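Dear colleague,

Please find below the structure that I am handing over to you. My findings follow it, and I would be grateful if you would read them with the coordinates open.

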Amino acid sequence: MASVEIDRLIRLLARLPGLGQRSAQRAALALLKRRDTIMLPLADALAACAERVRACPICGNLDTVEPCAICRDPERDGGLLCVVAELEDLWALERALVFKGRYHVLGGTLKALDGIGPEELGVDRLLRRVQEQGIGEVILALGATVDGQTTSHYLAERLQPLGCTVTRLGRGVPVGGELTYLDEGTLEAALHARQRVA
């Protein structure tokens with residue numbers, strides 16, 4: 001029904017996270033209808049990113065300069081390192097404007113069944129970085145999933161002998177959250193992480 005070019009566009013769009021076949025068709029149609037205002041500028045942006053954007057060799061962030069802007073920022077606390085699983089996690093923390101240290105992107109979590117071990121995540125590179133840069137505190141900002149917890153436990157064991165403080169993000173009741181709507185795991189974490197009031 002569609003030309004080879006349109007069919008290829010739809011198939012490529014359908015590979016993107018959150019887009020199935022029908023969503024990809026709608027996106028392709030929107031692009032084709034707005035060729036000058038959306039499609040051509042998007043094609044230019046994609047080409048520029050493909051040509052210039054690279055992973056930072058230090059932290060794994062994406063940027064057009066090496067090292068990335070975060071690693072080069074002299075205002076950041078070089079003794080504070082936040083370890084995240086994915087780049088989206090780094091971007092979420094940056095969006096919140098709450099962290100002023102440096103980052104390390106693992107590129108995933110340990111998953112033995114999928115063949116993702118410490119080598120695939122570059123754990124040795126993280127350990128070398130902590131030693132060579134004299135990092136004082138490593139914050140493990142990994143998800144509260146089984147894989148995230150397994151990875152956090154493994155990293156904590158490997159980091160302890162290096163003399164740095166190893167912490168993790170707090171867990172529990174979110175700001176504005178009502179107990180009625182929280183799952184059992186969140187409630188359990190909140191009870192275990194309770195703090196003295198007075």
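The notes below cover one helix, the nonpolar cores, the salt bridges and one buried arginine. Please bear in mind that this is a predicted model.

Helix H8

Helix H8 comprises 14 residues, 146-159. At 1.5 Å a residue it should span 20 Å, and its end C-alpha atoms are indeed 20 Å apart, so the expected and computed values agree.

Which residues of H8 are buried? They are Gly148, Thr151, Ser152, Leu155 and Leu159. These residues cover an arc of only 100 degrees around the axis, and therefore lie on the same side of H8. Val146 and His153, on the other side of the helix, are exposed. The buried residues of H8 pack against four elements: strand S3 (80-84), helix H7 (123-132), strand S5 (137-141) and strand S6 (165-168).

Nonpolar cores

In soluble globular proteins, nonpolar side chains tend to be buried together. Here the largest nonpolar core has 17 residues. Within this core, the residues with the most contacts are Val83, Leu126, Val130, Val138, Leu155 and Leu159. S3, H7, S5 and H8 are the elements that each contribute two or more residues to this core, and H7 provides the largest share, with 4 residues. Leu155 and Leu159 were also listed above among the buried residues of H8.

Val83 illustrates the packing. Leaving aside residues up to four places away in sequence, Val83 touches His104, Leu106, Leu126, Val138, Ile139, Leu140, Ala141, Leu142 and Leu155. Apart from the largest core lies another, of 16 residues, which includes Cys59, Cys68, Leu93 and Ile139.

Salt bridges

The count of salt bridges comes to 4. One of them joins the side chains of Arg11 and Asp7, with an N to O distance of 3.3 Å. Arg11 and Asp7 are 4 residues apart in helix H1 (residues 4-14), which means that about one helical turn separates them. Arg11 is partly exposed, at 45% relative accessibility, and Asp7 is likewise partly exposed, at 34%.

Asp73, Arg76 and Glu94 are linked in a network of salt bridges. The side chains of Asp73 and Arg76 meet at 3.9 Å, N to O, while the closest N and O atoms of Glu94 and Arg76 are 2.6 Å apart. Glu94 belongs to helix H5 (residues 87-96) and Arg76 to the loop between helix H4 (69-72) and S3, so this pair ties together parts that are 18 residues apart in sequence. Arg76 counts as buried because its relative accessibility is 11%, under the 20% limit. Asp73, at 26%, and Glu94, at 23%, count as partly exposed.

A buried arginine without a partner

What is the nearest side chain of opposite charge to Arg129? It is that of Glu132, 8.4 Å away, and Arg129 has no salt bridge although it is buried. Arg129 is located in helix H7, the element that gives the largest share of the 17-residue core. Not counting residues up to four places away in sequence, Arg129 touches Ile58, Cys59, Cys71, Leu81, Arg102, Tyr103, His104, Gly134 and Ile135. Among these contacts, Cys59 also belongs to the core of 16 residues, and His104 is touched by Val83 as well.

With kind regards

Definitions and conventions: Residues are numbered from 1 along each chain as its sequence is written. This is a predicted model: local features need pLDDT of at least 70, side-chain atom pairs count only at pLDDT 80 or more; totals for chains, interfaces and linings use all residues. Side-chain values use heavy atoms; hydrogens and water are left out. The expected span of a helix is 1.5 Å times one less than its number of residues. Buried means under 20% relative accessible area, exposed over 50%, partly exposed in between (1.4 Å probe, protein chains only). The arc is that of the directions from the helix axis to the C-beta atoms. Contact means heavy atoms within 4.5 Å. A nonpolar core is a set of buried Ala, Val, Leu, Ile, Met, Phe, Trp, Tyr and Cys residues joined through side-chain atoms within 4.5 Å. Lys and Arg count as positive and Asp and Glu as negative; His and the chain ends are not counted.
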